[in-house]
Amino acid sequence: MKLVSHSFLPPPRELPSVLSHPSRSGRGRRFSPCSRKDGSEVLSATRPQEVLPMEADDYPRGGAPPPGECAGIGNPLRCASKIYPDPDAEVAIMGSVVYCIHYKEGCKWSDELRKLQGHLNMCKFDAIPCTNHCGAMIPRLVMDDHRLYTCPKRLTRCEYCAREFTGEALEGHVGSCQLEPIYCENKCGSKIQRRHQNQHRQQECTKRLVPCRYCQKEFVYDTLQIHTAKCPRLPVSCPNRCDVLKIAKEDLETHLSDHCTALTLSCTFKDMGCKFKGTRSALDQHLEDGTKPHLLLVCGVVSRQQHHINALRTAMQGLNLNTSGTLLWRITDYSRRLLEAREGYELCSTPFTPASTVTS
């Protein structure tokens, strides 16, 4: 049998023949404890269960075992006494550098023989068809994970509605399951089952748009109360408690000035001396009935104004005209005023009147 040194990488060819679990006979022959049925003397690294036969001298009574039977059958004590493990050979064999058994298919892996099985568990060239018959070629190592999590033919349950689907059907079901909780599209922060989303958006969502009941403009629900208190169309009562029950806030001023029947108004001739106050209807009646008294009041005011005008005209005629443009300011308590001026106080004269004007 030919061993491959762990420091020598063989060229691409069939893997070297090696022993599995090597042992030694009493005469120094290396072999495995059991023989193949075909009696082959060659072991393959890809077939660790295939073993070498024992030597003829090692068989019981010097003969060969029946085809297909263990060399120790019939006289196990005699056989066991001639066999012992060979760890040195095992270390040398398992340290041999080998290629992957799938190097012809394109696998570039090479390493010690003891790592071969671990590589084969992950080798993509060692893939086998999915046992769920999805058609995918899956490495043996991840076959269980594939069948549980990624195989489109696997059977699984929706975590929300608990219905059973194949993996392929579940992908279409996810995102449409009516029992799945999802966040509100209006970003109110609530998480609602998909089947209740429409009801939530229309009736419960704090970010939904709702019209003001007075002006009909749309507002976000959680700001509607603030708007309502300031809405210009908010109905209010007349402060004079007139016959109009409700008035839009923006129309109240016009109502009070032009239409309120309960507002107390003064007579139009109040500046002439009329003392009448009453409602709008009473005022209209007062103006209609009080034409003569109002005329007398106006005549009295005109007479007084004429008398005052005549008095002013007479006073003007008695004044001396100042044509030089020089006005004199007569200061009383001169010493005190001078002291204040020196201390920084500003002195201002009294307004000049015709009576205080003096010709220079």
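Below is a short chat about a predicted model of a single protein chain.

User: Let's start broad: how many helices and strands does the chain have?
Analyst: This is a predicted model, so keep that in mind throughout. Going along the chain, the secondary structure comes to 11 helices and 17 strands.

User: And what share of the residues is buried?
Analyst: Buried here means under 20% relative accessible area. The chain has 360 residues, and the buried part of them makes up 26%.

User: How much accessible surface does the chain have, and what percentage belongs to carbon and sulfur atoms?
Analyst: The accessible surface comes to about 25100 Å². The part of that surface belonging to carbon and sulfur atoms is 54%.

User: What fraction of the contacts with a separation of 6 or more joins residues 24 or more positions apart?
Analyst: Take the contacts in the chain with a separation of 6 or more as the pool. Within that pool, residues 24 or more positions apart account for 22%.

User: Which residues make up the largest nonpolar core, and how many are there?
Analyst: Members of a core have to be buried and joined through side-chain atoms within 4.5 Å. The largest set includes the cysteines C100, C107 and C123, along with W109. Also in it are I93, V98, L113, L116 and L120, for a core of 9 residues.

User: Staying with C123, what is it in contact with beyond its sequence neighbours?
Analyst: Leave aside anything within four places in sequence. Two core members, C100 and C107, belong to that set. The complete list for C123 is C100, H102, C107 and P139.

User: What kind of aromatic pair do Y99 and Y103 form: stacked, edge-to-face or tilted?
Analyst: The count of aromatic pairs comes to 1. The ring centres of Y99 and Y103 are 5.9 Å apart and the planes stand at 40°, so the pair is tilted. Both tyrosines are buried, and the name for their arrangement is tilted.

User: Now for charges. How many salt bridges are there in the whole structure?
Analyst: Side chains of opposite charge can pair when their charged atoms come close. A search of the whole structure for such pairs gives 10.

User: Where do E180 and R194 sit, and how far apart are their N and O atoms?
Analyst: E180 lies in the loop between α5 (167-173) and β10 (181-183), while R194 lies in the loop between β11 (191-193) and α6 (197-204). That puts the partners 14 residues apart. Both are buried, and their salt bridge has an N to O distance of 3.0 Å.

User: Are R201 and E185 buried, partly exposed or exposed?
Analyst: These two form a salt bridge with their closest N and O atoms 3.7 Å apart. R201 is in helix α6, and E185 is in the loop between β10 and β11, 16 residues apart. With a relative accessible area of 22%, R201 is partly exposed. At 60%, E185 is exposed.

User: Which residues are joined into one network with R233?
Analyst: R233 pairs with E250 in a salt bridge, the closest N and O atoms being 2.6 Å apart. The two are 17 residues apart, with E250 in the loop between β15 and α8 (252-259) and R233 in the loop between α7 (221-230) and β14. Shared partners among the salt bridges tie R233 into one network with E250 and D251.

User: What does H200 touch, and is it buried or exposed?
Analyst: H200 is found in helix α6. Residues up to four places away in sequence don't count here, which leaves C184, C188, S190, I192 and C205 as its contacts. At 3% relative accessibility, H200 is buried.

User: Where is A162, and what is its phi?
Analyst: Most residues other than glycine have a negative phi. A162 sits in the loop between β8 (155-157) and β9 (164-166). It is partly exposed at 45% relative accessibility, and its phi is positive, at about 65°.

User: What about R241: what is its phi?
Analyst: R241 is in the loop between β14 (235-236) and β15 (247-248). At 77% relative accessibility, R241 is exposed. R241 is not a glycine, yet its phi is positive, at about 55°.

User: Last one: which residues make the nonpolar surface patch that includes Y334?
Analyst: Y334 is in helix α11 (residues 334-342). With a relative accessible area of 53%, Y334 is exposed. The patch covers about 360 Å² and is made by W329, I331, Y334 and L347.

Terms used:
Residues are numbered from 1 along each chain as its sequence is written. This is a predicted model: local features need pLDDT of at least 70, side-chain atom pairs count only at pLDDT 80 or more; totals for chains, interfaces and linings use all residues. Side-chain values use heavy atoms; hydrogens and water are left out. Patches are made of residues with over 30% relative accessible area and no salt bridge: like charges are joined within 9 Å, nonpolar side chains (Val, Leu, Ile, Met, Phe, Trp, Tyr) within 5 Å. Accessible areas come from the Shrake-Rupley method with a 1.4 Å probe; for residues, only the protein chains shown count as cover. A salt bridge is a side-chain nitrogen of Lys or Arg within 4 Å of a carboxyl oxygen of Asp or Glu. Helices (H or I, at least four residues) and strands (E, at least two) are DSSP runs, numbered from the N terminus. Buried means under 20% relative accessible area, exposed over 50%, partly exposed in between (1.4 Å probe, protein chains only). Contact means heavy atoms within 4.5 Å. Rings of Phe, Tyr and Trp (its six-membered ring) pair if their centres lie within 6.5 Å; planes under 30 degrees apart count as stacked, over 60 as edge-to-face and the rest as tilted.
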